[in-house]
Amino acid sequence: MKELTEETANKIFDSLGKSISVFEKHADDCASYLKALEIMLETDERKTFKSILRTNLILSYINLDFLTAFRQYLSRELNTNYDKRQAMTKLNIIMCEGYKKIYGFGQQHNKSFWATQIKNAVDFLKEYNEEYTKIENELTALNSTNVFDKNIRNLAVHYDEDPLKVYAMLLSINAEEITNRCILFWRVMEHISKFVKDITCSFELRLKTKC
């Protein structure tokens, strides 16, 4: 298994560490807000606000799982090749499942957070239409690259009747290659997270002015 250079690993490790605390707090804030909204009178606007908060929360989970798995791989405490291979397969699983939940592969798209919750929020806030389209293009382009390896995902989750297939998959893992794919995924996730956070803030301001 080809290794990351020490310089690359250290830079990524430091960057991811700073982001984990941000997403932890963000998840707590979203959960608290959702609980508070449960006791309020339901209106179309509040219902949409709750849906975008739920989107924020699922994004926080995906980001936290992704960042933690990446740091697991970069950790100096992982001393065996299998430790690192397991971390890499976990990253691949999180990217595949995270993308499926947010945007969806094929027909899954129609039930995704992007096509339902986020689109519904943008219908309320027309000023975000242009940015919505821009990110949608990024998500579509991401799926047309080799970012998502469903073979690794399937073998890592379900194994196989032929264990040599799992063995071959583990031996074929290239850390630099998966890291480059993770970086592409992370850039789009950062853009989505900021976009959804901005929408959340806009909804919050709208509701406060009506109180």
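Arg153, in this predicted model, is placed in helix α6, which covers residues 150–158, and once its neighbours within four places in sequence are set aside, Arg153 is in contact with Asn92, Ile93, Cys96, Glu97, Lys100 and His158. The relative accessible area of Arg153 is 17%, and because buried means under 20%, Arg153 counts as buried despite the charged class to which Arg belongs.

A second residue to consider is Lys90, which has its place in helix α3, residues 81–102. With a relative accessibility of 34%, Lys90 counts as partly exposed. Apart from neighbours within four places in sequence, Lys90 is in contact with Ala69 and Gln72; the C-alpha atoms of Lys90 and Gln72 are 9.9 Å apart in space, while the two residues are 18 residues apart in sequence.

From here the path leads to helix α2, which takes in residues 44–74, and to helix α8, residues 175–209, for the axes of these two helices come within 9 Å and cross at roughly 155°. Because angles over 145 degrees count as roughly antiparallel, α2 is roughly antiparallel to α8. The crossing of α2 and α8 is left-handed, and the contact of α2 with α8, sorted by class, has 19 nonpolar, seven polar and five charged residues.

Within helix α8 lies Ile199, which is buried, its relative accessible area being 0%. Leaving out neighbours within four places in sequence, the residues in contact with Ile199 are Ile52, Ala121, Val122, Leu125 and Tyr128. For one of these, Leu125, the separation from Ile199 is 74 residues in sequence but 7.9 Å in space, taken from C-alpha to C-alpha.

Helix α1, residues 6–37, brings the same two helices back into view, since its buried residues pack against α2 and α8. This helix has 32 residues and reaches 47 Å from its first C-alpha to its last, which is close to the 46 Å expected at 1.5 Å a residue. The buried residues of α1 are Ala9, Ile12, Leu16, Ser19, Ile20, Phe23, His26, Ala27, Cys30, Leu34 and Leu37. An α-helix has 3.6 residues a turn, so residues three or four places apart point the same way. With that in mind, the reader can follow the buried positions along α1, including Ala9, Ile12 and Leu16, and then turn to α2 and α8, against which the buried residues of α1 pack.

Key:
Residues numbered from 1 in each chain as written. Predicted model: local features only at pLDDT ≥ 70, side-chain atom pairs only at ≥ 80, totals over all residues. Heavy atoms only, no water. Axes fitted to C-alpha atoms, helices over the stretch in contact; angles between N-to-C directions. Helix = DSSP H or I, 4+ residues; strand = E, 2+ residues; numbered from the N terminus. Parallel < 35°, antiparallel > 145°, perpendicular 65-115°, else oblique. Left-handed = near helix turned anticlockwise from the far one by under 90°. Expected span 1.5 Å × (residues − 1). Buried < 20%, exposed > 50% of the residue type's maximum accessible area, 1.4 Å probe, protein only. Contact = heavy atoms within 4.5 Å.
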